[in-house]
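Q: Please take one part of this model and examine it closely, then set it in the context of the rest of the chain. I should like the local geometry, the packing and the confidence to be treated together.

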Amino acid sequence: MPGDSNPNLYRGRLAPSPTGLLHLGHARTFWTAAQRAADHHGQLILRNEDLDSQRCRPEYVEAMLEDLCWLGIDWVEGPDCGGPTGPYAQSERRTHYLEAWKKLRDLGLIYPCTCSRKDVAQSAGAPNDLDDEPVYPGKCRPPEERRSSAPPDRVEDPVPQGQNEPAGVN
Ligand SMILES: [Zn+2]
């Protein structure tokens with residue numbers, strides 16, 4: 001049931017990016033997500049990952065909805081049916097993310113990082129025990145005593161208008 005307030009309710013998600021037509025790999029991934037939600041007697045949410053404004057197209061959104069329906073996957077919240085935690089298109093959530101980011105910035109909990117993905121991968125020690133993801137080494141993290149007093153304007157807007165991804169912030 002959409003909007004169920006049970007905090008223990010399993011909420012799985014489908015997050016296709018409308019940059020092209022779905023393929024067999026997508027079908028497998030989304031089918032697995034749907035089965036997992038069903039196995040947990042949970043809900044499935046569809047989120048349109050339309051952040052790449054250069055490559056995302058409305059016709060691919062239409063096609064993904066049609067293809068997911070054809071596959072027999074049911075979601076209870078999404079861009080086509082709404083729900084209590086919308087909007088369900090990432091491009092419409094920018095203000096939510098920016099507000100959260102500003103809170104973190106104002107608390108001095110974020111800082112600029114100039115490391116590349118390669119830098120992080122090379123400087124990381126042993127992979128995390130739980131998976132193979134490298135652990136961020138904290139090279140650019142300011143000393144503890146300076147974190148809470150970092151001036152709020154030290155870190156710039158992570159997503160300047162017209163760009164797609166946060167840059168230079170951890
Ligand atoms: Zn860094």
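A: The account below begins with the whole chain, turns to strand S2 and its surroundings, and then follows the chain onwards.

The model is predicted, and the chain averages a pLDDT of 83, with 76% of the residues scoring at least 70. The chain holds 5 helices and 2 strands, arranged along the sequence in the pattern β-α-β-α-α-α-α. Of its 170 residues, 14% are buried. Among contacts with a separation of 6 or more, 74% join residues 24 or more positions apart. Confidence is highest in S2, at a mean of 97, and lowest in helix H5 (residues 144-147), at 68. S2 is accordingly taken here as the part for close inspection.

Strand S2 covers residues 43-46 and runs parallel to strand S1 (residues 11-14), to which 4 bridges join it. Two of the pairings can be named: Arg 11 has Gln 43 as its bridge partner, and Arg 13 is partnered by Ile 45. Between the two strands the chain passes through H1, and this β-α-β crossover is right-handed.

The side chains of S2 can be sorted by direction. In a regular strand, side chains alternate between the two faces of the sheet. Here, Gln 43 and Ile 45 point one way from S2 while Leu 44 and Leu 46 point the other way, and all are buried. Ile 45 may serve as the reference point within the strand. Beyond its neighbours within four places in sequence, Ile 45 is in contact with Arg 11, Arg 13, Trp 75, Glu 77 and Gly 78. Arg 13 therefore appears twice in this environment, as a contact of Ile 45 and as its bridge partner.

The packing around S2 follows from its part in the largest nonpolar core, which has 11 residues: Leu 14, Leu 22, Phe 30, Ala 37, Leu 44, Ile 45, Leu 46, Met 64, Leu 68, Trp 75 and Tyr 88. Helix H1 (24-39), S2 and helix H2 (58-71) are the elements that give two or more residues to this core. The largest share, 3 residues, comes from S2. In soluble globular proteins, nonpolar side chains tend to be buried together.

The loops on either side of S2 deserve separate attention. Before the strand, His 41 lies in the loop between H1 and S2. His 41 has a positive phi, near 55 degrees, although it is not glycine. Most residues other than glycine have a negative phi, and most peptide bonds are trans. With 8 other C-beta atoms within 10 Å, His 41 is exposed. After the strand, Arg 57 lies in the loop between S2 and H2. Arg 57 also counts as exposed, because 12 C-beta neighbours inside 10 Å place it within the limit of 12 or fewer. The C-alpha atoms of Arg 57 and Pro 18 are 6.2 Å apart in space, although 39 residues separate the two in sequence.

Beyond that loop, H2 has 14 residues and reaches 20 Å from its first C-alpha to its last, close to the 20 Å expected at 1.5 Å a residue. Gly 72 follows H2 with a positive phi, near 90 degrees. In the loop between H2 and H3 lies Pro 87, and the peptide bond from Gly 86 to Pro 87 is cis, with omega near 5 degrees.

Helix H3 (residues 94-106) has 13 residues, and its end C-alpha atoms are 18 Å apart, in agreement with the 18 Å expected at 1.5 Å a residue. Only 1 of the 13 residues of H3 is buried, so this helix lies largely in the open. H3 is followed by Gly 108, whose phi is positive, near 70 degrees. Leu 109, in the loop between H3 and helix H4 (117-123), is exposed, with 11 other C-beta atoms within 10 Å. Its C-alpha atom is separated by 9.7 Å from that of Arg 141, which is 32 residues away along the chain.

One caution concerns the far end of the chain. Over residues 163-170 the pLDDT is below 50, and this stretch has 18 contacts in the model beyond near neighbours in sequence. Where pLDDT is low, the predicted coordinates should not be read in detail.

Methods: Residues numbered from 1 in each chain as written. Predicted model: local features only at pLDDT ≥ 70, side-chain atom pairs only at ≥ 80, totals over all residues. Expected span 1.5 Å × (residues − 1). Buried ≥ 20, exposed ≤ 12 C-beta atoms within 10 Å, placed from the backbone. Core = buried A, V, L, I, M, F, W, Y, C linked by C-beta atoms within 7 Å. Contact = placed C-beta atoms within 7 Å. pLDDT = per-residue confidence, 0-100. Pairing = 2+ DSSP bridges. Right-handed = clockwise from strand over helix to strand, strands pointing away.
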